Amino acid sequence: MSAEAISENSAKSDFWDGVRLSMPVVVASAPFALLFGAIAVDNGFSVLEAFLMSALIFGGASQMVGIELFGQHVAPWLIVLSIFAVNFRHVLYSAGLGRRIAHWPVVQQAFGFFIMTDPQYAVSEARAQSGETVGFAWYLGLGLPVYVFWVIESALGAVFGKLIPETHALGIDFLLPIYFLGLVMGFRKRPLWLPVVVASAVASTIAYKTVGSPWHVSIGAVAGVLLAVILPPHHSGVGDRP
């Protein structure tokens, strides 16, 4: 078998490994995509507009904030600022992910940043920490299904939104937070894990009670990053690697 054929088979294997890892995210995010489509239509969006918003923005929380503010006739600059506040954490994610994918061509990097989500960043970082390369085929398999299903389910939610029961009553709105918690726990052996998590949680809670949503998300993230920068790498707190 030629080196080219081996490389192609390896890329296919990496892609399907990524797809397999993406399935929990696809399942967990499905209720939110359907709910977004239903809420978008309730706020005056057409099915096409809801579809395009998911396809072009691809940011669940920021999309929710956007449609709520559009419905209240808020000034455009405030809508942009609010969406930026929700997505500010992705600036931090991009800084971390950029060093992992620096070997990709520029076009692939741009697409990788576009389809990046919270769990995709966490899984990619965990892969890099284990000593494995974050290749484009693997990353594509990890992110593309989430994107495709999000867009399709948003459209379905817009079309059949009136048939969706109250997600709070069913408890399905709790699926994604549980998945995120599992991702956070996956990093528990890393140095400074517990202090960073505690600092983020405390700052986010205080910000939620004082400043309000959606700023608490970014403020919590910044608090964790600042603590990680201030504390020395060899800090020996609970949860650190022995």
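**Exercise 1. Which residues does leucine 97 touch, not counting residues up to four places away in sequence?**

Solution. Take contact as heavy atoms within 4.5 Å. Leucine 97 then touches Phe113, Met116, Tyr121, Ser124 and Tyr139.

The structure is a predicted model, in which local features need pLDDT of at least 70 and side-chain atom pairs count only at pLDDT 80 or more, while totals for chains, interfaces and linings use all residues. Residues are numbered from 1 along each chain as its sequence is written, and side-chain values use heavy atoms, with hydrogens and water left out.

**Exercise 2. Find the largest nonpolar core and the helices that supply it.**

Solution. Step one is the definition: a nonpolar core is a set of buried Ala, Val, Leu, Ile, Met, Phe, Trp, Tyr and Cys residues joined through side-chain atoms within 4.5 Å. Buried means under 20% relative accessible area, exposed over 50%, and partly exposed in between (1.4 Å probe, protein chains only).

Step two is the membership. The largest nonpolar core has 22 residues, and Phe58, Leu97, Met116, Val134, Trp138 and Tyr139 have the most contacts inside it. At least two residues of this core come from each of helix 1 (3-42), helix 4 (76-98), helix 6 (118-129) and helix 7. Helix 7 gives the most, with 7 residues.

Step three is to look for another core. A second, separate one of 8 residues includes Phe36, Ala40, Ala50 and Ile67.

**Exercise 3. Check the length of helix 7 and locate its kink.**

Solution. Helices (H or I, at least four residues) and strands (E, at least two) are DSSP runs, numbered from the N terminus. The expected span of a helix is 1.5 Å times one less than its number of residues. For the 25 residues of helix 7 this comes to 36 Å, and the end C-alpha atoms are 35 Å apart, which agrees.

Next, the bend at a residue is the angle between axes fitted to the seven residues ending there and the seven starting there. Helix 7 has a kink of about 30° at glycine 143, shortly before proline 145.

**Exercise 4. Is glutamate 153 buried or exposed?**

Solution. Glutamate 153 belongs to helix 7 (residues 136-160). Its relative accessible area is 12%, so glutamate 153 is buried. Beyond four places in sequence, glutamate 153 touches Ala30, Ala33 and Leu34.

**Exercise 5. How many helices and strands are in the protein?**

Solution. The protein has 11 helices and 0 strands. Of its 242 residues, 39% are buried.
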